[in-house]
Structures are given as structure tokens and as C-alpha cells.
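Here is a short walk through a two-chain model. Have the viewer open and click along as you read.

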Amino acid sequence: MNLEELLYENAPLARDAMLAALPAPEECRHEFSPAFQRKMRALLRRQAHPLRHRVLRSAAAVFLAAIVGSAAWLAVDVRARTAFFQWVEEFYETHIVYRFQGVPAEETGVYRPAWVPEGYEEIDASDSTVIYLNENDGKILTFAYVPMQDGHTTGMITESMQRQSVEVDGVPGDFYLSTDSSVPSSLIWVNEEAGLAFNFSGFLTKDEFLHMASSVMQINIPK
Amino acid sequence: MLIYLQMIEDEADRTKFEQVYLHYRNLMFHVANDILNDWQEAEDAVHQAFIAIAKHIDGVSEAICPRTQGFVVTIVTNKAIDIYRAKKRRAVRPLEEDTVKLCFRTTGSPVADAIARLPERYREVILLKYDAGYTNQEVADLLGKTYESIHSLDRRAKQALREELAKEGIEV
């Protein structure tokens, strides 16, 4: 018998040996803290919604970083946004692509908003993406950022969106106001100094988006 | 964002996840608290474990069964040990390594007993792959590691197992 066969045969026995040394589930008792129960309610609630559909519908506002070959893009209009051409917007019929150029800092640190609207709680996070859930209405709010690096792009589907130019602490950005109640609005702005493009996407007012954006700060220092 | 695309989509999987949660949460806390000896950190470990489990609930064929119980215990043990190691790195004085040891009953099978004697990082990969039935990529995702590191751990786990079995006079 080879090792693979032995493992398939014996791993369940090892598992049973591990479980035999533990109490039965029904013998264990613990009063979980309100904070834990709140987080688990959010997780369970998240499962109770057809999230895949919702997220795909939210593709209009999905801040999706992708590395693509330039030949794949057929821009109908390209407008340089900065004198240094660190990022450009490419306008298409149904979407806008933000294409980044340049070499970012090797490590960018971690950024988070210091303020989010009441009712929203963080339910998931990686370094560059945070997902918040409003337990009251089940609405999702996302915060994400990507480095402005050669070949990196992010897109915004513009169907059902009204695009407005805004400023986030003096930095120009684009606010996409959704005209479809099932599609979130979105805010994109680029911090050239940090070499990062930021995005919020959610079911909030323009003022709330701008307030959150102003509160974004670096919460650790790059190594 | 991608995490949501992988989340539970159909009613059966949602029900399964809730069953797993309701049936095993106290046991998972017991396991985590045995390792961490800190109820708040143990709750964090249980929460992290459920986030990982939620993403791979479709790999759970039956909510309440020994295989699923082994799966959730393996995951929460991994999360608790991660928290323990992070705490150890922060500690001014080193913590006692032996508090992370888990108990196993002997099985009568030299191979199963050898699996039980493997270091935790090896054993969890073996159990997730060969008992719970997950792929290297899924194990990497469940444990918060890269595919390459799981591939390497799998290879080293098998080598360590061969060496353990050789001590018993079993060559594979």
C-alpha cells in the first residue's frame, strides 16, 4: 500500500483519536460575549442573503484591481488627469477605466477610515479591503485601495450612475451616484503622494461618502 | 470583495452552516480556550474559524458527523495557535510552548498514531486533505496560507510521517 492510500485509510482514525480526547459537543458550555454574538449574527446574516447576486449587481461599483495587457483595451477617449501622467481615465460606452502608471512605494502601509456611518460594522478585512455590514438593513459598505502601479487598472461601470467631480481634502475624485436603488453609489479618489487609489462603495449619501473619505488615515507605518 | 463571491449561496448550505455553528461552537471554544487560556482570544479564534468554515461549507457533506467535528476542531485549533503565536511574539517573556500540545488517544493503528504524533502544522494539513477531503488550494485558504506553503507542508508532513513509521519498522 502506498503512502497516499495509507493516509486516506488512517487520517479518519487519527481524527477519531483526536476527538476521543475531547468532550462531546453537548458537554461543552460557554456563554459567548455580546461582541462575539454580534459578529456571528453578522456572519450568519451574511449567509442568509443572496450575496452573490447582490455583489454581482454591485459590479457597477466594484473596485476591481486587475493587471491587464494594454492591447486588451480599446479606449475611445483617453484623458490625462495629472501633469505626471500617473493615472489616466479611459472612457468607454458603459464604463470608465482608471489606468495607473508609475512605480509605487515598495510598501504602502494599511489605511482605514476613522469614521463610518452608524450601524455599520466591520465583518471582513484584508490589508487593502474592508467590508462593513449594516445589521439593521443588511446593506454592505466596502472600502478598498490599490497601488498606482504600471499595468494596474480599476474600473467603474457607468450604467445607472451619475458621475460628479468632487474633492477629498483637496484631492480631486469622482463620485458615482447610483440611480438604481439596488446598486450602490461609489467614490474614487487618488492620493498621488501615497501612490494609492481609494474607493468606497455603498448605499450612502454623497456627504457620508465624503466624510468617510476625509477620515481615511494610515494606521501603520510601512516597514 | 472576492470573499463574498465564495460565500454560501444556497439554502441547504446556509442551513448546514447554521447547524455547524449551533452544534460545535461550544466545543470549538473549549478547544481554543485550552490553547489560549483567555476567553476573549478564544472567542476570536472561534470567530475566525467560522469565517474560514463559511467560505468552504460546500465541502462539508453532513453538518453533524465525526468528519465535520474533526474539521471544525482542526480549523479552530489552527486559528487558536495562530493567535497564540502572535501573542508569543508580543510577549516580553516567552510563553510555555507545551501549552499548545493536544491530546490524542492511541488507535491501535501505527499509521494513525504516527499521524497523531506529527507536529500540529503537519497534522492539520494531513487531516484537512485526507480526512476532510480538501485540496491544497482549499487548505491554504482555510488556514490563511499560500498554496506554495501548503504544498511544502504537505511534502514535509509526509516525509516526517515516513520517518515516524520507519521507527516502527514500517517502510512506505
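What percentage of the 172 residues in chain B do buried residues make up? They make up 42%, where a residue counts as buried if 20 or more other C-beta atoms lie within 10 Å of its own, as exposed if there are 12 or fewer, and as partly exposed in between, with C-beta atoms placed from the backbone. Before going further, keep in mind that this is a predicted model: local features need pLDDT of at least 70, side-chain atom pairs count only at pLDDT 80 or more, and totals for chains, interfaces and linings use all residues. Residues are numbered from 1 along each chain as its sequence is written, while chains are lettered from A and ligands numbered from 1 in the order in which they are written.

**The two chains**

Helices (H or I, at least four residues) and strands (E, at least two) are DSSP runs, numbered from the N terminus. Two residues are in contact if their C-beta atoms, placed from the backbone, lie within 7 Å. With that settled, here are the chains.

| Chain | Elements | Buried share | Share of contacts (separation 6 or more) between residues 24 or more positions apart |
|---|---|---|---|
| A | 4 helices, 14 strands | 33% of 223 residues | 57% |
| B | 8 helices, 0 strands | 42% of 172 residues | 66% |

**Chain B: helix H8 and the core**

Reading chain B from its N terminus, you get α-α-α-α-α-α-α-α. Take helix H8 of chain B, residues 147-167: at 1.5 Å a residue, its 21 residues should span 30 Å, and its end C-alpha atoms are indeed 30 Å apart. The expected span here is 1.5 Å times one less than the number of residues.

Which residues of H8(B) are buried? They are Ile150(B), Leu153(B), Ala157(B) and Leu161(B). These residues sit on the same side of H8(B), because they cover an arc of only 75 degrees around the axis; the arc is that of the directions from the helix axis to the C-beta atoms. Turn to the face pointing away from that buried side and you find the exposed residues Glu148(B), Arg155(B), Gln159(B), Glu163(B) and Ala166(B). Covering the buried residues of H8(B) are, among others, helix H5 (110-117), helix H6 (120-130) and helix H7 (136-143) of chain B. After H8(B) comes Gly169(B), with a positive phi near 80 degrees.

Now for the nonpolar core, meaning a set of buried Ala, Val, Leu, Ile, Met, Phe, Trp, Tyr and Cys residues joined through C-beta atoms within 7 Å. The largest one has 56 residues, and those with the most contacts inside it are Met28(B), Ala32(B), Val72(B), Val76(B), Ala80(B) and Ile115(B). Helix H1 (3-20) of chain A supplies at least two residues, as does each of H2 (11-36), H3 (39-55), H4 (66-90), H5, H6, H7 and H8 of chain B. H2(B) gives the largest share, 11 residues. In soluble globular proteins, nonpolar side chains tend to be buried together.

**Chain A: the sheet**

Over in chain A, look for an open sheet of 7 strands in the order E6-E7-E8-E13-E12-E11-E10, with antiparallel pairing; two strands pair if DSSP finds at least two bridges between them. Its edges are E6 (120-125) and E10 (161-168) of chain A, each pairing on one side only. Neighbouring strands are turned by 20 degrees against each other on average, direction ignored, with axes being lines fitted to C-alpha atoms (for helices over the stretch in contact) and angles running from 0 to 180 degrees between N-to-C directions.

E10(A) and E11(A) pair antiparallel over 8 bridges, and Ser165(A) stands opposite Asp174(A) in E11(A). Their hairpin has 2 residues between the strands, and Asp169(A) takes a positive phi near 50 degrees there. On the other pairing, 4 bridges join E11 (residues 171-178) to E12 (residues 185-191) of chain A. That hairpin has 6 residues between E11(A) and E12(A), and Tyr176(A) faces Ser186(A) in E12(A).

**Two residues to click on**

Buried or partly exposed: which is Val171(A)? With 14 other C-beta atoms within 10 Å, Val171(A) is partly exposed. This residue of strand E11 of chain A contacts Trp189(A) and Asn191(A), leaving aside neighbours within four places in sequence. Val171(A) and Trp189(A) are 18 residues apart in sequence and 7.2 Å apart in space, C-alpha to C-alpha.

Phe200(A), in strand E13 (residues 196-202) of chain A, counts as buried because it has 29 C-beta neighbours inside 10 Å. Outside its neighbours within four places in sequence, its contacts include Phe143(A), Leu187(A) and Met212(A).
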